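Q: Hi! Could you walk me through how the helices and strands in this one fit together?

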Amino acid sequence: MWLREFCQTVQTHRPLFVALHCQEVGGKNYEASMTHVDSFIKELLSSDAMKDFNRARVYLDKNYKSQEQFTVSPSALCLFLESLSFLPVIDSKKFRKVVGKEVCSDALPSTATLEKEKFPQDYFPECKWSRKGFIRTRWALADCAFDLVNIHLFHDASNLVAWEKSPSVYSGTRQKALGFVLDRITDQRFERLPYFIFGDFNFRLDSKQVIESLCSTASMQTVRSTDTNEVDKLIFRESDNDHKVVLQLEKKLFNYINQDVFRENNGTQLLEFDRELSVFKERLHELDISFPPSYPYSEDSSQGKQYMNTRCPAWCDRILMSASAKDLLPENEEKSITYDNIGPSVCMGDHKPVYLYFRLNTGAGKPHANKHKCCVLQ
């Protein structure tokens with residue numbers, strides 16, 4: 001189902017270049033599931049939607065036995081037609097012509113055409129080992145060179161902790177990690193280029209303020225553990241209407257009475273609580289969001305529009321860009337730019353993939369600029 005919806009999106013837009021970033025390759029139980037990754041890539045590359053793409057580069061981090069190197073992010077796939085001259089980077093100045101199709105999955109740290117890094121150990125919440133990190137690849141098309149950065153930031157471990165203050169402690173951790181990535185990809189080691197950074201940012205709505213808004217007329221009941229006296233759950237009840245429960249909040253439970261609020265008008269009335277990106281407004285840009293929160297959808301194959309009641313729905317999956325990358329997008333061609341999700345009515349897993357389709361102006365600011373159709377998908 002996932003491949004069908006993905007391929008349908010590619011066939012609808014018919015891009016000349018496709019960049020696909022995935023996270024959690026092999027799933028959470030990657031030791032047992034990593035063997036399925038090769039089959040997935042093979043089926044994707046051989047699909048009808050991809051048959052015209054005669055060149056491809058796939059980067060997979062499958063070395064899960066190395067905790068020092070293994071990350072959740074490095075799974076990037078780029079496909080392009082023979083008519084384009086995309087060249088992945090070797091070092092800061094040289095590029096290598098892409099020929100044929102190649103899957104790189106072993107010893108990624110030594111692969112000359114990408115940069116891969118885990119977040120420092122002290123970034124990990126509660127000092128637990130994590131696969132979180134980023135991967136960067138560099139590409140050149142005609143007179144236009146740019147970076148693609150795949151990222152996976154930290155999640156909210158507990159709804160109760162996220163509710164305690166505004167902004168939450170988890171928001172602060174994500175801010176620190178994203179700042180680390182931006183500093184790394186704009187430092188002095190390589191020439192600075194326009195960059196697109198897309199993946200699972202795990203951005204969440206401001207929990208305290210969104211709950212106060214959703215439960216503005218409700219009273220709150222606190223339930224504590226009899227053993228530790230720690231808060232086990234919060235129950236918000238209507239003041240009248242037989243004290244109906246509006247929201248029940250636990251560590252991994254967000255059970256709100258009306259999920260339609262997250263779907264009506266694509267949930268855009270809740271975008272005012274989506275504030276984590278505002279810290280980086282001078283460094284990162286994004287097109288207007290007009291799709292529903294991308295997480296956490298039900299993994300029941302028959303419930304394509306239903307959210308799980310584990311977390312407050314949020315726009316975790318995003319496609320961001322530097323100011324110079326935004327300049328590569330056409331200014332007055334709204335119909336040639338699409339920022340949307342994939343598979344809105346079917347099950348795509350707990351995250352709905354998000355994509356950005358546009359005509360890349362390879363000679364931005366130059367007369368007689370060439371334009372090529374590109375599609376980046378998270």
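A: Happy to; here is a short chat about its sheets and a pair of helices.
A: This is a predicted model, where local features need pLDDT of at least 70, side-chain atom pairs count only at pLDDT 80 or more, and totals for chains, interfaces and linings use all residues. Residues are numbered from 1 along each chain as its sequence is written, and side-chain values use heavy atoms, with hydrogens and water left out.

Q: Cool. What order do the strands take in the sheet of 4 strands?
A: The order is 9-10-11-12, in an open sheet with antiparallel pairing. Strands (E, at least two residues) and helices (H or I, at least four residues) are DSSP runs, numbered from the N terminus. Two strands pair if DSSP finds at least two bridges between them.

Q: Which strands are at the edges?
A: Strand 9 (218-224) and strand 12 (253-256), each pairing on one side only.

Q: And how many bridges join strand 9 to strand 10?
A: There are 7, and strand 10 covers residues 231-238. Met220 stands opposite Phe236 in strand 10.

Q: What do strand 11 and strand 12 form?
A: They form a hairpin, with 2 residues between them. Strand 11 (residues 245-250) is joined to strand 12 by 4 bridges, and Gln248 has Asn255 as its bridge partner in strand 12.

Q: New topic: what about the sheet of 5 strands?
A: That open sheet runs 5-6-7-8-13 and has mixed pairing. Strand 5 (115-118) and strand 13 (317-321) each have a single partner strand, so one side of each is left without a neighbour in the sheet.

Q: Strand 7 and strand 8: parallel or antiparallel?
A: Parallel, over 6 bridges, with strand 7 at residues 144-152 and strand 8 at residues 195-200. Here His152 stands opposite Asp200 in strand 8.

Q: Which strands does helix 5 lie across?
A: Helix 5 (residues 169-185) lies across strand 5, strand 6 (133-141), strand 7 and strand 8, at about 35° to strand 6. Axes are lines fitted to C-alpha atoms, for helices over the stretch in contact, and angles run from 0 to 180 degrees between N-to-C directions.

Q: Last one: where do helix 1 and helix 3 make their contact?
A: Their axes come within 11 Å and cross at roughly 35°, helix 1 being residues 2-13 and helix 3 residues 35-45. Trp2, Leu3 and Phe6 of helix 1 make the contact with Phe40, Glu43 and Leu44 of helix 3. Contact means heavy atoms within 4.5 Å.
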